[in-house]
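Reader: I'd like a close look at the metal site in this one, and then a walk outward through the strands around the rest of the chain. Could you take me through it in one go?

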Amino acid sequence: MSLLFGQIAFGQIDYTKLIIGRNQGTHYFHDGDSTRVFGFTETLSEETKIPGPTIEVNYGDSVKIDFWNVSQGAPHTIHLHGLDVDQQNDGVPMLSFEVEHMLHGYYYFKAPHPGTYLYHCHVGSTVHLQAGMYGLLIVRPSNGEMNLNWDNGESYDREFSLLASEIDTVWHNDTILDHEHDPMMPLMVPETFNAQYFVVNGLSGSQLNDPANYMYFQPNEKVYMRLANLGYYGVRYIFESALNARTVASDGRPLPNEQLGDTIEVLPGERYETFLQFGNQSSSILTVEHFNLNTLEVSASQEMVFWSSSVGIDEISSVSIYPNPTDDLIYFSDSPVDYDITDITGKAQIKGFSKSSSLSRLPSGIYLLRIEGRTYRIIKN
Ligand SMILES: [Cu+2]
């Protein structure tokens, strides 16, 4: 009767999610460098990515996370950050259980308030987390409705989730990652955490404003942003004021009063939920700053791009614009034509009537060239 006992103890399970723990992943940075990472995947064939898969559940559901640790070496856990779960299911090794190599561990919880949460491994505390074992957990309304923030809440057309963190590759060498595991002994790790890479959804530098990673929207859409930080730096998400950013929830709870403001500061472990209202703009820039929590100095300021799907971009290869990416001079026509070059916010940079143009005075970045009613993308090195 033990099976029956189990069903009574946990009640009916509405949703089971398999999460696999791995310790042999490779993360590639924008500058071509790479580093070893730990991480979570949903299938055995998948590459380990930072962050791990987003776990999505419905408010009120009884959820079982089936955590399968296929990695060699130290055990792992899943700590559900911000969820009200009991201690046995909280994934803090000293207070619940650890999952050894090739074993399954099961975490049970009833999905609390709709909102944005985090999960991460809690072994070696900071070591496995920064090695890459973390991801987002979203609790949707009770009927599972997408495009609604909570039961009887506010609807939206589209949502984007951004999870900021950092990577200090010194912490990723094999000696630290392949540590002997003794829960009573502190790990020998570097005294400082000096990130070389500041990431959002695992992307850094030019990866953040690569068209493949644009956040695409349609004109006049209302967009819901889930803004999270699971690094060791503070993070500021800075929207253009035209989007009228309106923050309505923090750490999985509606705010008593919505906060108007373009800058949303998110400290480690925090989450905010923010509405944006798009109009007819073709694009908008989101600036993401990581700042040192001791000195408050900004360590990285990077840009992400919202791009209107209604603005088609012709591929550069369809006309003879060369070289691209370009350092300086581009040629785009056999005979002089009217052209204008703007940055991706639409701000005019260069205008003229010519067969070619020099970009030498522009900083490196992405620009748009318009000739004869068509738009082309130029990437300046
Ligand atoms: Cu771990």
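Author: Here is the metal site, followed by the sheets, the loops and the chain as a whole. One thing up front: this is a predicted model.

Let's start with the copper ion. Three side chains hold it: His76 through ND1, Cys121 through SG and His128 through ND1, with distances of 2.0 to 2.1 Å. If you want to find these donors in the sequence, look for the spacing H-x44-C-x6-H. So how do Cys121 and His128 sit, buried or exposed? Both of them are buried. The cut-off behind that word is a relative accessible area under 20%.

Now to the strands at the beginning of the chain. Strand β1 covers residues 15–28 and pairs with β4, residues 62–69, in the parallel sense, over seven bridges. To find your way along that pair, take Thr16, whose bridge partner in β4 is Lys64. β1 also pairs with β2, and here the two run antiparallel, again with seven bridges. A handy landmark for this pairing is Gly21, which has Phe40 of β2 as its bridge partner. β1 and β2 form a hairpin with five residues between the strands, and in it Gly32 takes a positive phi near 95 degrees.

Just past that hairpin there's a backbone detail to look at. The peptide bond from Ile50 to Pro51 is cis, with an omega near -10 degrees. Pro51 belongs to the loop that links β2 (34–41) and β3 (55–58).

Two asparagines are worth a stop too. Asn152 isn't a glycine, yet its phi is positive, at about 55 degrees. You'll find Asn152 in the loop between β8 (134–140) and β9 (158–167). Its relative accessibility is 79%, so Asn152 counts as exposed; the mark to pass for that is over 50%. The other one is Asn201, where phi is near 50 degrees, again a positive value in a residue other than glycine. Asn201 sits in the loop between β10 (197–200) and β11 (215–217). With a relative accessible area of 28%, Asn201 is partly exposed.

The strands flanking those loops lead into a bigger picture. β9 and β10 both belong to an open sheet of six strands, which has the order β10-β9-β12-β17-β14-β15 and mixed pairing. β10 and β15 (253–260) are the edge strands; each has a single partner, so one side of each is left without a neighbour in the sheet. Ignoring direction, neighbouring strands of this sheet are turned by 20 degrees against each other on average. At the β10 edge, β9 and β10 run antiparallel and are joined by four bridges. One match to click on there is Ala164, whose bridge partner in β10 is Val200.

Further along the chain comes another open sheet, this one with four strands in the order β22-β21-β24-β25 and antiparallel pairing. Which strands are at its edges? They are β22 (348–354) and β25 (374–380), and since each has a single partner strand, one side of each is without a neighbour in the sheet. The twist in this sheet averages 25 degrees from one strand to the next. Looking at one pair in it, β21 (residues 337–343) is joined to β22 by six bridges, and the two run antiparallel. Within that pair, Asp338 stands opposite Phe353 of β22.

Finally, zoom out to the whole chain. There are 25 strands and three helices. The C-alpha atoms fill a box of roughly 85 × 50 × 40 Å along the principal axes. How does the radius of gyration fit with a compact globule? For 381 residues such a globule would come out near 21 Å, and the chain has 23 Å, which agrees.

As for what's inside and what's outside, buried residues make up 51% of the 381 residues. The chain exposes about 17,400 Å², and carbon and sulfur atoms supply 50% of that area. Contacts across the sequence count for a lot here: among those with a separation of 6 or more, 69% are between residues 24 or more positions apart.

If you go back to the metal site after this tour, keep His76, Cys121 and His128 selected, as these are the residues that coordinate the copper ion.

Notes: Residues numbered from 1 in each chain as written. Predicted model: local features only at pLDDT ≥ 70, side-chain atom pairs only at ≥ 80, totals over all residues. Heavy atoms only, no water. Donors = N, O, S within 2.8 Å, 3.2 Å for Na, K, Ca; no water. Buried < 20%, exposed > 50% of the residue type's maximum accessible area, 1.4 Å probe, protein only. Pairing = 2+ DSSP bridges. Axes fitted to C-alpha atoms, helices over the stretch in contact; angles between N-to-C directions. Rg over C-alpha atoms; globule rule 2.2 N^0.38 Å. Contact = heavy atoms within 4.5 Å. Areas by Shrake-Rupley, 256 points an atom, 1.4 Å probe, with all protein chains shown as cover.
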